[in-house]
Amino acid sequence: MKKIALIGSTGSIGTQTLDVVRQHPGQFEVEGLAAGGNIELFAEQVNRFRPKKASVATKELAERVRPQLPQGVELYYGEQGLIEVAAGTEADTVVTAIVGSAGLPATIAAIEAGKHIALANKETLVTAGHLVTKAAKRKGVALLPVDSEHSAIFQCLNGERIEEVRQITLTASGGSFRDLTREQLQNVTVEDALKHPNWSMGAKVTIDSATMVNKGLEVIEAHWLFGLPYEQIGVLLHPESIIHSFVEYRDGSVIAQLGTPDMRVPIQYALSYPRRWPSEAKSLSLAEVGKLHFREMDYTRFPCLRLAFECGKIGGTATCVYNAANEVAVARFLKGNISFLQIETIIETVLSKHDVQEKPDLEGIRFADRWARNMAESL
Ligand SMILES: NC(=O)C1=CN([C@@H]2O[C@H](COP(=O)(O)OP(=O)(O)OC[C@H]3O[C@@H](n4cnc5c(N)ncnc54)[C@H](OP(=O)(O)O)[C@@H]3O)[C@@H](O)[C@H]2O)C=CC1
Ligand SMILES: CC(=O)[C@@H](O)[C@H](O)COP(=O)(O)O
Ligand SMILES: [Mn+2]
């Protein structure tokens with residue numbers, strides 16, 4: 001029996017995690033669930049999975065949802081509520097399916113409480129990778145990747161030595177606007193940006209995919225998860241999202257992980273590791289697929305990816321600021337407040353005004369995150 005807590009249960013990764021739980025009756029105990037504001041779905045989930053602890057975003061939401069929950073469930077709210085669910089139950093693994101750097105305090109608390117992390121919330125590693133990985137090492141807990149590319153790399157590295165790796169390559173679909181020129185990007189709409197060609201995901205990551213910030217965040221995530229320098233991390237445009245990523249070894253061998261795009265596969269692998277459980281995922285028929293395509297990344301077309309590499313190499317608070325500026329810019333774009341191309345202008349401008357702190361502690365990270373958000377709001 002695997003005991004899990006899940007933060008971000010009502011989102012795309014959260015609901016698919018609960019699909020995996022449902023598909024393996026008797027294998028899981030759900031000890032804790034946390035969500036933001038979707039209290040109707042959250043109430044259903046709590047009634048179905050009967051966690052001991054539950055949390056929603058605010059006190060007001062907690063008061064509204066309380067009457068719909070079964071007796072005996074301890075209900076919390078806010079950042080402390082997330083921490084309670086992530087760190088305060090008997091779960092051995094916490095699935096971080098919350099979006100944004102809001103997931104950082106709960107992830108650190110879970111690690112400090114000795115929980116393994118099935119990590120979907122990439123913003124946590126981008127914001128404070130040095131602190132998260134150091135804490136995980138000190139506590140002897142695993143950071144198990146859920147992100148499809150990182151799960152792929154993790155699987156390709158299985159049983160190999162990291163020092164024998166020449167290069168890892170993350171594949172990128174190109175997102176909703178892959179084939180548009182920068183000129184054409186000037187008039188794109190929120191609705192169009194939300195149409196990812198291959199994956200059905202939450203709004204924020206779908207926009208990140210279109211700006212290529214998602215790949216930028218993933219490059220930084222890979223740096224921290226696998227301990228590789230940025231010079232050994234590459235990105236390749238692959239429109240079909242069938243090859244989820246690959247590793248080239250020093251003898252010239254290349255090992256890739258393939259599959260139909262279905263996030264329940266990497267979610268399940270993070271929970272079943274080192275075993276492989278049966279799943280309902282569709283078999284991949286390469287004969288049906290016929291052809292796979294690849295293109296060199298164009299860093300002029302996708303400047304946010306170049307910026308991510310630059311921030312990663314600078315280190316310190318640079319990646320935290322890249323992430324925070326992006327979170328604010330994407331939220332503003334989704335509200336119709338700025339244009340698509342202004343997302344990258346905001347990130348670039350905020351970064352240009354930032355004085356990087358080299359080895360920030362958690363307080364330094366929080367300060368940089370707040371500073372970048374305020375700056376991004378003010379532009
Ligand atoms: N979706 C995907 O296929 C993939 C996602 N990821 C990563 O996984 C993470 C989640 O993405 P995704 O599932 O798409 O996002 P969604 O927007 O679909 O879901 C986000 C979840 O976080 C909850 N949430 C947001 N803010 C808060 C808060 N302040 N307190 C508590 N809960 C909060 C939401 O609650 P509510 O809805 O109730 O407000 C929801 O449950 C992201 O970091 C993303 O980059 C990585 C790979 C693939
Ligand atoms: C499914 C997943 O892992 C997403 O993060 C995915 O990577 C988005 O695809 P692209 O960023 O390659 O468009
Ligand atoms: Mn991904």
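Select helix α4, residues 78-87, in this predicted model. Its buried residues are Gly81, Leu82, Ile83, Glu84, Val85, Ala86 and Ala87. That makes seven of the 10 residues in α4, so the helix is largely enclosed by the rest of the structure. To see what encloses the buried residues, show β1, β2, β3 (53-56), β4 (74-77), β5 and α5 (104-112), against which they pack.

Keep α5 on screen and add helix α6, residues 122-139. The two helices pack with their axes 9 Å apart and at an angle of about 10°. An angle under 35 degrees counts as roughly parallel, and α5 and α6 are therefore roughly parallel to each other. On the α5 side of the contact, pick Leu104, Thr107, Ile108, Ile111 and Glu112. On the α6 side, pick Thr124, Thr127, Ala128, Leu131, Val132, Ala135, Ala136 and Lys139. Coloured by class, the residues of this contact between α5 and α6 divide into eight nonpolar, three polar and two charged.

Next, go to helix α1, residues 12-23. At 1.5 Å a residue, its 12 residues should span 16 Å, and the end C-alpha atoms are 17 Å apart, which agrees. Within α1, the buried residues are Ile13, Gly14, Gln16, Thr17, Leu18, Val20 and Val21. Their packing partners are β1 (2-7), β2 (28-34), α2 (39-49), β5 (93-96) and α12 (264-272). Strands β1, β2 and β5 may still be displayed from the α4 stop, where they also pack against buried residues.

From α12, move into the loop that leads to α13 (286-289), where Pro274 lies. The peptide bond from Tyr273 to Pro274 is cis, with omega near 5°. Most residues other than glycine have a negative phi, and most peptide bonds are trans.

Ser279 is found in the loop between α12 and α13 as well. Is Ser279 buried or partly exposed? With 17 other C-beta atoms within 10 Å, Ser279 is partly exposed. Leaving aside residues up to four places away in sequence, Ser279 touches Gln23, Arg264, Val265 and Gln268. A distance label from Ser279 to Val265, C-alpha to C-alpha, should read 7.5 Å, although they are 14 residues apart in sequence.

Two backbone angles come next. Select Met212, in the loop between α10 (203-211) and α11 (213-226). Phi of Met212 is near 75°, a positive value in a residue other than glycine. Met212 counts as buried because 28 C-beta neighbours lie inside 10 Å. Then select Ser241, in the loop between β9 (233-237) and β10 (243-249). Phi of Ser241 is near 50°, again positive in a residue that is not glycine. Ser241 has 19 C-beta neighbours inside 10 Å and so counts as partly exposed.

Finish with helices α15 (residues 318-334) and α17 (residues 362-378). Their axes are 8 Å apart and the packing angle is about 40°. These two helices are therefore oblique to each other, and α15 passes α17 in a right-handed crossing. From α15, display Cys320, Val321, Ala324, Ala325, Val328 and Ala329. From α17, display the residues they meet: Ile365, Ala368, Asp369, Ala372, Arg373, Ala376 and Glu377. The residues of this contact divide into 10 nonpolar, no polar and three charged.

Note on methods: Residues numbered from 1 in each chain as written. Chains lettered and ligands numbered in written order. Predicted model: local features only at pLDDT ≥ 70, side-chain atom pairs only at ≥ 80, totals over all residues. Axes fitted to C-alpha atoms, helices over the stretch in contact; angles between N-to-C directions. Helix = DSSP H or I, 4+ residues; strand = E, 2+ residues; numbered from the N terminus. Parallel < 35°, antiparallel > 145°, perpendicular 65-115°, else oblique. Left-handed = near helix turned anticlockwise from the far one by under 90°. Contact = placed C-beta atoms within 7 Å. Nonpolar A, V, L, I, M, F, W, Y, C, P; charged D, E, K, R; others polar. Expected span 1.5 Å × (residues − 1). Buried ≥ 20, exposed ≤ 12 C-beta atoms within 10 Å, placed from the backbone.
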